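Me: I should like to learn how to read the strand arrangement and the salt bridges of a model. Could we take the features in turn?

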Amino acid sequence: MQGASALQFQGVRRVGPAGSHAWTGLDGGRRVTERAAAARAAAGGSSTATGVARRPHKNERRGRRGMGGSPLAPTTDEGGLLVARAVFNEAAATDTWQQQQRHRQQANGWDTDASPTPFPANISVENRRDQDTTLVRCKGFDRVIQLATLTTSISSFGLDIKSAFIRPESEPITVDDMFYVTTRGGDQLAVGHHDALVRHMETALGLHDRSLAAEKHPNNYTNGHAMSSGSANGHQTQQVPRATYTNHADPDYDPENDRRRHHLHSEPEPQRRQEEVYNAPSQTQEALTNDPPTSEFPQQQYGHQNSPVYDYKLTPHPYQSPTVSEPIPADAAAVLSAQMRVAAAEMAAAAAEFVQLERERATATDPSEIERLQHPRLEAQAVLEHTMIAMQGMLSERDNLRNGQAGVGRHTAEPPAYVAPPPFQLPVYQPPVYQPYKAPTPAPDPVKMPTFDTPPAVERKTERREPEWEPEVPEREPEEAPLPAPPPPLDHPIPAPNTPMGEGREVILQGFNWESCNSKNKWFDVLTNEVQLIKEAGFTAVWMPPPTKSVSDQGYLPSDLYNLNSFYGSQDALRRCIRAMKDAGICPVADIVINHRCAEAQDDQGRWNLYTGRMNWDQKAITTDNPQFGGRGNHGTGEDYGPAPNIDHTQDWVRNDLKEWLHWMKNDVGFGGWRFDFVKGYGGQFTGEYVGETQPFVAVGEHWVSCNYNGSNLEYDQDSHRQSTFDWCQSTGGTTAAFDFTTKGILQEAVRNRQFWRMSDNQNRPSGFCGTWPTHAVTFLENHDTGSTLQHWPFPTDGLGQGYAYILTHPGTPTVFYDHWKDAKLRDGINELIAIRKRCGIMCNAAVKIERAEDGCYAAHIGSPRRQVEHGTCDEIDMSLPSLCMKMGHGDWSPNADQVGNARWSCQSSGDGWAVWEDRRYCD
């Protein structure tokens, strides 16, 4: 799994009651929640909107773009009420503001040659009647330091950011950054506190000196900011009252029509569910300049009855000003450091809230209380996961900066010199060439035939005559030439592969999904009843869910490791299931979660860091990288996992306790293999020690790191990604295999876009981890994190048949996801492919000769290797033993047409976009 909190959904969710327009959005296939959007904004964000707010009315959008007109344009709203609104002229605003800036700089002795900020800053706070949130508009702030400061100042004021629209980098500075906030109780911010919120945000930005100036000159300032009868901050205004009120006296007002009038714009994204996803519109510079310069559009006001809308005009000092408390740093490292501080605070807060909700959920017994906690618990998990992903991206950026300073650049290999054939095109229709019309040659006059009398009928005897032709009988086809004899066997047989995955011929079934813990029938009983079907399908091992007591239902926040009563069933049910599998010759594999462990008692400071049960550890078992849990151990040896205390594996007594527990799990409970969760959280040498001590039949770790992307496009070169997996396996001393996330990422991209050229690297080997160390690669298409109900990184559903045709015929140890095996549309094909793999003797070190890898088609010949290869794959196939050919894609290819292996081939199984052939000499 990618962390216990890896619970996210695609789709949209309405925030607040009906009529509210604050929506959550999607980011890269993941659900962006309200607080996750705020965390992204605080960390600098990306160039896309992290959250989605209500689409502004056309009058509001035009009002932001800058329209010329009268100094104050009172207009009639749809409700018939006059609303005063200053009309903003962008050109006049910029010129006037720059003049004021130069006067201020000269008066204070500043550098007048320095370029001022091109647009004045602006903060406004208002309560809208069609929403249950308070809208905070921020305009004119930079996207790095100031935006992060704004976000943290809103949170420190005691408000929750429910959603946000962050101005993309491509948009002009006149576009607002909008935050939809509520109090901790979920209500709008009281009108009387609006002014205090703005002053609080100004103080955080270092602009509090202007508020003091306002107190000294109240006649020239409104709400602490310049508002005169002339031009204020570039706005042509009259004396504007402190607040503008809008009431609901209009008897024809319809909230539903008002809500529909501000509809949201939908923007499709790939690989989503069928629900629409709404994104706020963006404004381009072209749109700013195309509007009529003299049109007047008032900005429509919304608010509860007698609710003022404050509009504060800020005049920020230039960055050269000595009064600015936090200038924009010149180097990227300082900017990234500021972003990481904000992201770390958000992640720590999200982790604390998530763990607290998990504890309440685990201790609750009343069904109504459990149902009440379910929604905030799931949302807290999603928020935490998103903050962890943001922090992971920042850490990666930090490493890139360090490498750049050290002169170590990122190496990107050139793709192979391959020119893809042009895509298939239908022949161009050629219209027939019409000949000019020619009149037919007139026929000669008919010849007049003589008339004669009809002779009398004469009775005749008809004789049967034989036909003068005989039907053609096709000649009998000559008998097919006999099959060529197989070549003699090798003089020295290739030894069995050296692999941590059993004997090298294992096929694994992941025997659960994310929702198995909520099964009506306890899951261990379900697996027990299916043991015979699992055996008949050809599986040799079953990866079972985490069996220990856990704070989370799925088992990935363990507490007491010796307590085997979990949400999947009791300890007795677990032992019965394991016994049934071993009697059927199936290896039960335990999901081992030892990167972190949740404590069950608190210290005198209220921190959860005291353990109970047979492993009654204290704070010394927790790394010092977890200050929120009061860890007093050594520094961690891997990535930090925020939701729970990280175990310090450098302590001898901790490792001894874990090895004793693993021996008990193997020798007493009966497990035969280990699947280690989140292995990048601690050093690989410790995993190697645990495996070397217990000697399981199979051992595999989840080393999940992101593939190499260029924006949203997967890069062709994934060598660095599979190298990281290779390095981790090597750090265990070669005692543990790893899940092949590289093959999953490449394969699903190739199937989705018919880009099968991705399946061959620049040495014509399989491009995933199975192409560099196949004996240690465990291939898969989906697991409980990437698929199931989470859909974090899903494989295209319509290409699952092609995917299984690949991993069940290629080197590596294949793993089949439970949901796919139970799917009636996939089950028969999967069972047939497993049977073909066994008949042809395909093992984890199989040889592969890629016959074709191009747009629309991938084809390969797979069999036993003719020579031993320590790392990488062999491309010489031993034809004295059975072998197979396979293809993916709808391109035209046949092993018989290409005379692969100088043999004749028989198609044994096929489906939509895939087929598998066997050598006829070895077919029954």
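Me: In what order do the eight strands close into a barrel, and is the pairing parallel or antiparallel?

Reply: Please note that this is a predicted model. A barrel is read by following each strand to its paired neighbour, and here the order is S18-S19-S20-S23-S24-S27-S28-S29, with parallel pairing. On average, neighbouring strands of this sheet are turned by 25° against each other, direction ignored.

Me: How many bridges join strand S18 to strand S29?

Reply: Three bridges connect S18 (residues 508–510) with S29 (residues 813–817), and the two strands run parallel. Within this pairing, Gln510 stands opposite Phe817 in S29.

Me: How many salt bridges does the structure hold, and where in the chain do the partners Arg137 and Asp176 lie?

Reply: There are 32 salt bridges in the structure. One of them joins the side chains of Arg137 and Asp176 at 2.9 Å, N to O. Arg137 belongs to strand S8 (residues 134–139), whereas Asp176 lies in the loop between strands S9 (159–165) and S10 (177–183), 39 residues apart.

Me: Are Arg137 and Asp176 buried or exposed?

Reply: Buried means under 20% relative accessible area. Arg137 has 5% and is therefore buried; Asp176, at 5%, also counts as buried.

Me: Which helices hold the partners Arg575 and Asp668?

Reply: The side chains of Arg575 and Asp668 form a salt bridge of 3.0 Å, N to O. Arg575 is in helix H13 and Asp668 in helix H14 (residues 652–669), 93 residues apart. Arg575 is partly exposed at 21% relative accessibility, and Asp668 is partly exposed at 41%.

Definitions and conventions
Residues are numbered from 1 along each chain as its sequence is written. This is a predicted model: local features need pLDDT of at least 70, side-chain atom pairs count only at pLDDT 80 or more; totals for chains, interfaces and linings use all residues. Side-chain values use heavy atoms; hydrogens and water are left out. Two strands pair if DSSP finds at least two bridges between them. Helices (H or I, at least four residues) and strands (E, at least two) are DSSP runs, numbered from the N terminus. Axes are lines fitted to C-alpha atoms, for helices over the stretch in contact, and angles run from 0 to 180 degrees between N-to-C directions. A salt bridge is a side-chain nitrogen of Lys or Arg within 4 Å of a carboxyl oxygen of Asp or Glu. Buried means under 20% relative accessible area, exposed over 50%, partly exposed in between (1.4 Å probe, protein chains only).
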